Structure formats: structure tokens, C-alpha cells
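Please work through the following exercises with the sequence and the structure side by side, and try each task before reading its solution.

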Amino acid sequence: QVQVVESGGGLVQAGGSLKLSCSPSGRTVDFFNFYPMGWFRQALGKEREFVAAITTNSLDTYYADSVKGRFTISRDTANTTVYLQMNNVQPEDAAVYYCAAKRFPGAFSDERYYNTFGRGTAVTVSP
């Protein structure tokens, strides 16, 4: 089973920046580069929502309107890592951020087409 591990979360001041990372673990490394990858987030008391996604060749990226222009998704195929660069972080960005592989055809923003969600990495934003 494909597994991913998210890292890079922490406390950031509003207006600051943070970079999240997502890497596969174990025998899943050879599968990683075959799938589009996405980031989702879940704030306390809210449902998980789409943040960003990237295709296997990195030619196409997709963003939620709420993060467009502030967040950038990228992937390093050689190191099998997907990143989420978060700039101008706002209090409403506080959440647990999850990485997942898009294993099924469908909308990039729909988590039903993803699996292999990791345990997440928490982002806390101070005023």
C-alpha cells in the first residue's frame, strides 16, 4: 500500500512563510512518480478541503481560490518529494495539511479520487 509522510508544519506568524514536504515511504517510492499529487487541509471543526494539486510531469497545477497567488505546489521527481510553499500565510490557513496521491481519474480538487493520505502536518498561525 502506498504511504506518504508529510512534514514541515509548525507555528508561523501571519504574513510569514512555511514550506511543507511530502514523501513516500518504504516500497512505495517506485510508485510515487506515476501519480498526480495533491494537498488538502482540515481546520478544526471543518471538513477537509482541497488546497493544491500537480500533475506527474509538473506541467499543470491547480489551486483553491483561497490560496491562489500565495501557495505554490511543486514536485522533485528525483527526490520523490512534493512541496507546498506557503507565503503570506493567514490565520484562516491554520489547519492540518495532508498530502495524497491521485490514484483515480476525476477532478483534481475532489478527494474522492485520491488515496494514500498521510497523517498530516499541523500549521498554526499566530496573529
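**Exercise 1. Work out how strand S11 is paired and which of its faces is covered.**

Step 1. Strand S2 (residues 10-13) and S11 pair in the parallel sense over 4 bridges, where strands are DSSP runs of E with at least two residues, numbered from the N terminus, and two strands pair if DSSP finds at least two bridges between them. Within this pairing, Val-12 stands opposite Val-125 in S11.

Step 2. S11 also pairs with S9, here in the antiparallel sense and over 3 bridges, and Tyr-97 has Thr-121 of S11 as its bridge partner.

Step 3. The covered face of S11 carries Thr-121, Val-123 and Val-125, whereas Ala-122, Thr-124 and Ser-126 are on the uncovered one.

A note on the source: this is a predicted model, in which local features need pLDDT of at least 70 and side-chain atom pairs count only at pLDDT 80 or more, while totals for chains, interfaces and linings use all residues. Residues are numbered from 1 along each chain as its sequence is written, and side-chain values use heavy atoms, with hydrogens and water left out.

**Exercise 2. Place Tyr-97 in the nonpolar core.**

Step 1. The largest nonpolar core has 33 residues, and Tyr-97 is among those with the most contacts inside it, together with Met-37, Trp-39 and Leu-84; such a core is a set of buried Ala, Val, Leu, Ile, Met, Phe, Trp, Tyr and Cys residues joined through side-chain atoms within 4.5 Å, buried meaning under 20% relative accessible area, exposed over 50% and partly exposed in between, with a 1.4 Å probe and protein chains only.

Step 2. Strands that each supply at least two residues of this core include S9 (95-102) and S11 (121-126).

Step 3. Leaving aside residues up to four places away in sequence, Tyr-97 touches, among others, Trp-39, Leu-84, Thr-121 and Val-123, contact meaning heavy atoms within 4.5 Å.

**Exercise 3. Describe the aromatic pairs made by Phe-40 with Tyr-114 and Phe-117.**

Step 1. The whole structure holds 4 aromatic pairs, counted when ring centres of Phe, Tyr and Trp (its six-membered ring) lie within 6.5 Å, with planes under 30 degrees apart taken as stacked, over 60 as edge-to-face and the rest as tilted.

Step 2. The ring centres of Phe-40 and Tyr-114 are 4.9 Å apart and the planes stand at 80°, so this pair is edge-to-face. Because Phe-40 lies in strand S4 and Tyr-114 in strand S10 (residues 114-115), the pair ties together parts that are 74 residues apart in sequence.

Step 3. Phe-40 and Phe-117 are likewise edge-to-face, at 5.5 Å centre to centre and 65° between the planes.

Step 4. Phe-40 is buried, with a relative accessible area of 1%, whereas Phe-117, at 23%, counts as partly exposed.
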